[in-house]
Amino acid sequence: MHKVGTLTLLAGCAILAGAPHRSAQACPNTAQVVALDECDPDTFNAKVKKGGLGDGGTGFCHNVALAPFGFATTLPDLVAKAAAGTPDPGWDFEPDELTIEKGTTVSVTDQGGEPHTFTEVAQFGGGFVEPLNHGEPTVPECAGGFSNVAVARTRIVQGSHLDIPDLPKGKHLFQCCIHPWMRMEVDVK
């Protein structure tokens, strides 16, 4: 009977791993992190020759919830704010800081509309999209973009998640190599 209870608990935790922060915290050895953004599908997914990132209506931004209500960031606004050193605060990892016990898996879910990375870096800095770096040099861990296998492994797309197991004790810095102001510190005790 003890085995059945344990298996039920583990199955429930696996289901909750993609759930909001509070629910996942109830699972032993799992800490939930959420990647957020409010990209505007019309400007992000416009054809490349019109200044967007898409081709024929396709693209990176799959935000369908808030754009019709005016709660979305246009691509020109995102670039302008980043270049001015005042990046959009709606593009963030939540929580910003996390303290966990050794052996806890950090599970990052992309609940925004854009792809992100959750890349461990020695120190915070710029990503591989130079116009978004506000003059900061690209950190070595982000160099090469997705052609760098280490960066590609940390990519999370809308609705997916990335698990980071077995972080050693100490302070760990993570940032998005696309949107480098998305930063987080994980302290492992």
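Q: What makes C177 count as buried in this predicted model?
A: Buried means under 20% relative accessible area. C177 has a relative accessible area of 0%, so C177 is buried.

Q: How do you know that C142 and C177 form a disulfide?
A: The cut-off for a pair of cysteine sulfur atoms is within 2.5 Å. The sulfur atoms of C142 and C177 are 2.0 Å apart, and therefore the two form a disulfide.

Q: Why is the disulfide of C142 and C177 called left-handed or right-handed?
A: Look at the torsion about the S-S bond: at about -70°, this disulfide is left-handed. As for what it links, C142 sits in the loop between β6 (119-121) and α5 (149-152), while C177 sits in the loop between β9 (170-175) and β10 (183-188), so the pair ties together parts 35 residues apart in sequence.

Q: Why is C176 in no disulfide?
A: A disulfide needs sulfur atoms within 2.5 Å. For C176 the nearest cysteine sulfur, that of C177, is 6.8 Å away, so C176 is in no disulfide. C176 is buried, at 0% relative accessibility.

Q: What makes C39 and C61 a disulfide?
A: Happily, the same kind of check works here. Their S to S distance is 2.1 Å, and the cut-off is within 2.5 Å, so a disulfide joins C39 to C61. The torsion about their S-S bond is about 90°, so this disulfide is right-handed.

Q: Is C61 buried or exposed, and what makes it so?
A: With the buried cut-off at under 20%, C61 counts as buried at 2% relative accessibility.

Note on methods:
Residues are numbered from 1 along each chain as its sequence is written. This is a predicted model: local features need pLDDT of at least 70, side-chain atom pairs count only at pLDDT 80 or more; totals for chains, interfaces and linings use all residues. Side-chain values use heavy atoms; hydrogens and water are left out. Buried means under 20% relative accessible area, exposed over 50%, partly exposed in between (1.4 Å probe, protein chains only). Helices (H or I, at least four residues) and strands (E, at least two) are DSSP runs, numbered from the N terminus.
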